[in-house]
Amino acid sequence: MKLKTGQTIRVGFAFLAITAFWQMYNNVIPLVLTNTFHLNETLSGVIMAMDNILALFLLPLFGALSDRCRSRMGRRKPFILFGTIASVALMLLLPVIDNSYAAEPSGMKLTGFIAVLGLILIAMGTYRSPAVALMPDVTRKPLRSRANAIINLMGAVGGIIYLLIAAVMYSEKRVAGLSHVNYMPLFMIVAGIMLISLMIVMLTVDEPRLAAEVREYEEQHPEENLSVTDKGGNEELPKPVKRSLLFLLVSIALWFIAYNAVETWFTTFANRMWNMSLGSASLCLTIATVGAILSYIPVGAIAARVGRKKMIYAGIIMMFAAFSAGFVYTLLSNRFHPVLYVLFVLIGIGWASINVNSLPMVVEMCKSSDIGKYTGMYYTFSMAAQTVTPIVAGGLLHRIGYLTFFPYAAVFMAAAFITMHFVLHGDAKEPGKKGLEAFDVDT
């Protein structure tokens, strides 16, 4: 049994495009809302939270709808095709309205800008779950952790490509003294990245054939199917598997609550408690991201040998240790020391260990016809956590104090460790390989 690496990379272009878009959206739209439309931070924050709120409903809905799609292109590719095209068409309207408002302000233009934002979020929501579900659709169950590692790496590449382009095109030297920044060239480049990625997926990924191969494999290995057939002929999960799924989804929410709180509030915490500048604090988060990127592939390979649950446990322990050490350090010092970079490397590796294996564990519990639905469940719990945790963590920082920052994250990681104890299904290992076979990879 071999992972088709080249095929997985081609599938990953869908996630590369999605990540590039969201990186731009999260970086540019707040600047436009505050600098061009002069909205205050609170109102801008509400608008920026729309994507998480809509995702709670759209991602499970369109994941399930794609399960029932019967198209010559396959189940997922129609959603990827039309969702990408709609998103690109709508996103190119944003800099047009932005530039027009800067030249001649109008309440109608502000309303139109927000309306287009809402439509873009809907368009992106129609194909994110189908795009992510495409990987398990065309990958055999035991190989999905390694495949998901490649998908995550492709997403990271998308984010890095955007950041490099933005850094060159909109450096401080280039925008200094401008009363208004024209973001149209940046939007056009990201639109081009999305369309090129779409063409790669549409032209090089034969979804119907690959999905049929996976279904044939599942029929030959019925022991890997955890669902059972009831008296009416319908397949459903047995109660023990449902219980495992519920505890896994709760675990997903818990570790996203911990990680997203740190991701959201770290720069503020570092400035207040360690007297760090925005740039220095951002470097810590960048180091964590690089640590995750470099460990995606090794983590997927190790999980294939020792199991996904063990790797998730290892990730939880690493992150809990890092958060606890950060708290102890803050009690002892009010200045940043470079040795703390080690903690952020540990956080990055821990997060990769969790992130690479959690989605494959979720979809491991379902049959192939329900992958989109279960992918939507994964996103419902993760997005709900990311919607709530900035508010809760921010409230604790404001009302109790900044010393709650690391304990907040550590407590939720510890809770995730406990709930994972009750997850008894969804793990998988690849069959052992001997000799040169261990290096055999199909492209």
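The following conversation works through how several labels in this predicted model are justified.

Trainee: What makes Phe37 and Tyr101 an aromatic pair, and why is the pair called tilted?

Mentor: The ring centres of Phe37 and Tyr101 are 4.5 Å apart, and since the limit for a pair is 6.5 Å, the two rings qualify. Their planes make an angle of 50 degrees, and because stacked pairs must be under 30 degrees and edge-to-face pairs over 60, the remaining label, tilted, is the one that applies. This is one of 26 aromatic pairs in the structure.

Trainee: Why is the pair of Phe37 and Tyr101 said to tie parts together?

Mentor: Phe37 sits in the loop between helix 1 (5-36) and helix 2 (41-48), whereas Tyr101 belongs to helix 5 (residues 93-103), so the pair joins parts that lie 64 residues apart in sequence.

Trainee: How do you know whether Phe37 and Tyr101 are buried or exposed?

Mentor: Phe37 has a relative accessibility of 4% and Tyr101 a relative accessible area of 12%; because buried means under 20%, both residues are called buried.

Trainee: What makes Lys109 partly exposed, and which residues does Lys109 touch?

Mentor: The relative accessible area of Lys109 is 22%, and because the partly exposed class runs between 20% and 50%, that is the class in which Lys109 is placed. Lys109 is part of helix 6 (residues 107-137), and, leaving aside residues up to four places away in sequence, its contacts are Phe37, Ile97, Ser100, Tyr101 and Glu104. Both members of the tilted ring pair, Phe37 and Tyr101, are therefore among the residues that Lys109 touches, contact being heavy atoms within 4.5 Å.

Trainee: Why are Arg209 and Glu213 said to form a salt bridge, and how are they placed in their helix?

Mentor: The nitrogen-to-oxygen distance between the side chains of Arg209 and Glu213 is 2.9 Å, and because the limit for a salt bridge is 4 Å, the label is met. The two residues are four apart in helix 10 (residues 207-220), which means that about one helical turn separates them. Arg209, at 42% relative accessibility, and Glu213, at 29%, each count as partly exposed. Arg209 and Glu213 also belong to a network of salt bridges that includes Lys4 and Asp206.

Trainee: What makes the contact of Glu364 with Arg308 a salt bridge, and why is it said to tie parts together?

Mentor: The side chains of Glu364 and Arg308 meet at 2.8 Å, N to O, and because that value falls within 4 Å, the contact counts as a salt bridge. Glu364 lies in helix 14 (residues 341-364) and Arg308 in helix 13, so the pair links parts that are 56 residues apart in sequence. Both Glu364 and Arg308 are buried. Another salt bridge, of 2.9 Å, joins Asp67 and Arg76, and these two residues are buried as well; a search of the whole structure finds eight salt bridges.

Trainee: Why is Leu332 called exposed, and which surface patch does Leu332 help to make?

Mentor: Leu332, which lies in helix 13 (residues 308-332), has a relative accessibility of 72%, and because exposed means over 50%, the label follows. Together with Val328, Leu331 and Leu403, Leu332 makes a nonpolar surface patch of about 400 Å².

Trainee: How do you know that Thr404 is buried, and what lies by its side chain?

Mentor: Thr404 has a relative accessibility of 17%, and because the limit for buried is under 20%, Thr404 counts as buried. Its place is the loop between helix 15 (371-399) and helix 16 (405-420), where a polar atom of its side chain lies 2.7 Å from the backbone oxygen of Gly401. Thr404 also touches Leu396 and Leu397, with residues up to four places away in sequence not counted.

Trainee: What makes the phi values of His38 and Asn275 worth noting?

Mentor: Most residues other than glycine have a negative phi. The phi of His38, however, is near 55 degrees, and Asn275, likewise not a glycine, has a positive phi of about 55 degrees. His38 is in the loop between helix 1 and helix 2 and is exposed at 62%, whereas Asn275, in the loop between helix 11 (239-274) and helix 12 (278-306), is partly exposed at 43%.

Methods
Residues are numbered from 1 along each chain as its sequence is written. This is a predicted model: local features need pLDDT of at least 70, side-chain atom pairs count only at pLDDT 80 or more; totals for chains, interfaces and linings use all residues. Side-chain values use heavy atoms; hydrogens and water are left out. Rings of Phe, Tyr and Trp (its six-membered ring) pair if their centres lie within 6.5 Å; planes under 30 degrees apart count as stacked, over 60 as edge-to-face and the rest as tilted. Buried means under 20% relative accessible area, exposed over 50%, partly exposed in between (1.4 Å probe, protein chains only). Patches are made of residues with over 30% relative accessible area and no salt bridge: like charges are joined within 9 Å, nonpolar side chains (Val, Leu, Ile, Met, Phe, Trp, Tyr) within 5 Å. Accessible areas come from the Shrake-Rupley method with a 1.4 Å probe; for residues, only the protein chains shown count as cover. A polar contact is a pair of N or O atoms within 3.5 Å; within protein, one must be able to donate a hydrogen and the other to accept it, and residues adjacent in sequence count only if both atoms are side-chain atoms.
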